[in-house]
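The following exercises concern the overall form of a chain and the packing of helices. Each task is followed by a solution in steps.

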Amino acid sequence: MLQQNLSRKIRKTLKKLAESMLAVAVGLVGGAALMAVYGYDFVKAYRALFLGAFGDFSGFLETLAFATPLIMTGLTFAIGMRSGLFNIGAEGQMYMGAIGAVFVGGMLNLPPIIHLIFATVFGMLAGAIWSLPAALLKISRGVHEVVSTIMLNWIAFWLVTYLITYHVADPARAERAVPAQETARYLVIGASLTTVFILVIAFSLIAYFLLWRTTLGYELRVVGHNQEAARYAGINISKTMMTSFFLGGLAAGLAGVSQVLGRPPHWTVFATMGNLINIGFEGIGVALVGRNHPIGIIFASIFYGGLLHGGRFMEFEAGVASEIVRAINGIIILALAIPAALDLVKKIFPRKNRGETG
Amino acid sequence: MKPYRLRVLWLLIGFVAVAATIYAMSFFGLKPTRLIEFALLALTPLAFAAVGECINEKSGQINIGIEGIFLISAVAGVFWAEVFESGLLGLLMGGVFGALIGGILGLLNVYGRAEQVIAGMGLNILAIGLFQYLLMAIWAFPGIHIFPRTLVVPRISIPLIGEELAVSPISLAAIAAAFAAYLLLNKTLLGIRLRAAGEKPESVDVAGHSVYRVRIFASMVGGFLAGVGGAFMPLGWFGGLVKEITAGRGFIALAAVVFSGLNPLTALAATFIFGFAEGLAFAVVVTPAVKEAVPFHFIMMLPYIVTVAVLALFPSTRRFPKALGKPYVRE
């Protein structure tokens, strides 16, 4: 009985894995088609990309550095989806987390370890607090989170640009905010990977534990699965939604923190926010490829971090604008939006030995 | 009072507030006509997209990828405008590309039974990357493209209470589109079929028409209008392409749709309020007396704050189509 359950579970996981792989393949083929249309050599481009991202150890460490914030913004979206919310506000919450880290990490003088902890917690809370207006608007006024979170993203964009320009600008270099002080930096492991990666993984594991091993997480997922049933079961929907937004905001805040306190060589935010922009949206693709599961998201982030890091080699060697990896991410999401995609493929290429079951 | 009448009353109050703001701004040396000109420009892409999305949602589909259509059709519009050396043809091609994207989304919705919100977000993210990739691939310059000023669709002069108002004919077309959509939805056979596809798709099937075709058609119309709106931003307004060109307008249009309860005329009115907030921001940013007092960053927040505030103050009271967002499966 137990064995049967286990094998069913494994089969389910394998099916999900196959679906994600199929979507990734569709995305890569779509990217190749886009390159071919404009006469780029896509074989050369992809070769440069994957060799750059995974070909050697220091490249892989850099890939992990790119993956670090994506794991967190992916988690933001995943926690939302698990509780029935389409929370696409990770972008703005991440900006707030980053500026929070700049305020404490760059402007204050504190003893070493305390400084790092305080800056991290402050940044995470800044992200979480920025998620609350969307939660409150949804609960009390029924404003859909798709609109409210995007509006909050833009308000955060202008607020953070203002703060960088007028309040935390680096006196030495006007185009960026004050870098985090030595006492507020995570240790460098190699390339631009720092120990914040470990914290991010730990946060994911805690999120997993919270979602699947606690009553709170159970309630959250019940609300996501069937809101009516949750209401009949006496679950406080408003409270669950608040929790979901708050947890997601903490994760997005940590994503922002990781770009300031855990990302050499700059350890800060640029006034254009070039080193932050789109990390929140990329998390959506990461979460969907990782099937909204904390562990899946870690692997999806490493894959997508590889695309981001390798994209620079692709640009250098094949002349393809590295932004195409974002287009590939979009195609992957579109492919994942079609639940029947895998069945469709099975119908076109039936497996001969087992027929069309499964 | 019926909730809907109440909503119209609130809209009227909104317009009075707009008029009062225009009057107040005249003390800062801002001419009322300038403000209305800005507002009408800002209204145009919002109105096109919102009207299109009203039609699309009436047929039972949601498209949150308007922002993505804006971005892609802006590039396509400029590209073809340069090829044809005509801004108007560029706008049309922007619409054609929008319709193509809408058609693809419709196919995914109908045959792929897609989760429409996720598909729309995929389109948005695809467009962010594609926009910058295309700028490099076509014009070999990163992030920005400026084209000859002659390609911008010229504005025409309309007399208004003793003043001259420079209005883009495309803005007038956007307003006309809202009325046309209202007539299409409420006074034609096709409109009945469209609404039925959103309310009770089986009934369309029983009547011998294809739900699939109706929905794909609606998605294409919505895409076409959003495409024209997207191409309008470079070709009728800014005179160039930058990667932040849409600045969340696709979602502001979506907010107008939610507010309107899918009535194209109410949606038009809502886009006027949102457009006015944006126009006010643009106008105030260049006004000396205000520029010194408030950093422009805060003024740029205005459209987003107004959008959220309007949705928070007036939660949607009208019923949305029963089959909204649900794929139709023939039995």
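Axes are lines fitted to C-alpha atoms, for helices over the stretch in contact, and angles run from 0 to 180 degrees between N-to-C directions. The model examined here is predicted.

**Exercise 1.** Determine how the axes of helix α3 and helix α5 of chain B are arranged, and which residues meet.

*Solution.*
1. Helix α3 of chain B covers residues 66-84, and helix α5 of chain B covers residues 116-139.
2. Their axes come within 7 Å and cross at roughly 20 degrees.
3. Angles under 35 degrees count as roughly parallel; α3(B) and α5(B) are therefore roughly parallel to each other.
4. The crossing in which α3(B) passes α5(B) is left-handed.
5. On the side of α3(B), the residues are B:E67, B:G68, B:L71, B:I72, B:V75 and B:F79. Their partners in α5(B) include B:L123, B:L126, B:I128, B:F131 and B:I138.
6. Sorted by class, this contact of α3(B) with α5(B) comprises twelve nonpolar, two polar and one charged residues.

**Exercise 2.** Describe the side of chain A that touches chain B.

*Solution.*
1. Chain A contributes 41 residues to the contact, and chain B contributes 40 residues.
2. In chain A, the elements that give two or more residues are α5 (112-141), α6 (145-166), α11 (279-289) and α13 (324-336).
3. The largest share, eleven residues, is supplied by α6(A).
4. By class, the residues on this side of chain A are 30 nonpolar, eight polar and three charged.

**Exercise 3.** Establish how α13(A) packs with α5(B).

*Solution.*
1. The two axes lie 7 Å apart, at an angle of about 160 degrees.
2. Angles over 145 degrees count as roughly antiparallel, which makes α13(A) roughly antiparallel to α5(B).
3. The crossing of α13(A) and α5(B) is left-handed.
4. Among the residues that meet are A:I324, A:R326, A:I331 and A:L334 in α13(A), and B:I118, B:M121, B:L126 and B:Y133 in α5(B).
5. The residues of the contact of α13(A) with α5(B) comprise 17 nonpolar, four polar and one charged.

**Exercise 4.** Assess whether the radius of gyration of chain A agrees with that of a compact globule.

*Solution.*
1. Chain A has 358 residues, for which a compact globule would have a radius of gyration near 21 Å.
2. The value for chain A is 21 Å, which agrees.
3. The C-alpha trace of chain A spans about 70 × 60 × 35 Å along its principal axes.
4. Of the 358 residues in chain A, 53% are buried.
5. Chain A contains 14 helices and two strands.

Conventions: Residues are numbered from 1 along each chain as its sequence is written. Chains are lettered from A and ligands numbered from 1 in the order in which they are written. This is a predicted model: local features need pLDDT of at least 70, side-chain atom pairs count only at pLDDT 80 or more; totals for chains, interfaces and linings use all residues. Helices (H or I, at least four residues) and strands (E, at least two) are DSSP runs, numbered from the N terminus. The radius of gyration is taken over C-alpha atoms; the globule rule is 2.2 Å times the number of residues to the power 0.38. A residue is buried if 20 or more other C-beta atoms lie within 10 Å of its own, exposed if 12 or fewer, and partly exposed in between; C-beta atoms are placed from the backbone. Angles under 35 degrees count as roughly parallel, over 145 as roughly antiparallel, 65 to 115 as roughly perpendicular and the rest as oblique. A crossing is left-handed if the near helix is turned anticlockwise from the far one by less than a right angle, and right-handed if clockwise. Two residues are in contact if their C-beta atoms, placed from the backbone, lie within 7 Å. Ala, Val, Leu, Ile, Met, Phe, Trp, Tyr, Cys and Pro count as nonpolar, Asp, Glu, Lys and Arg as charged, and the others, Gly among them, as polar.
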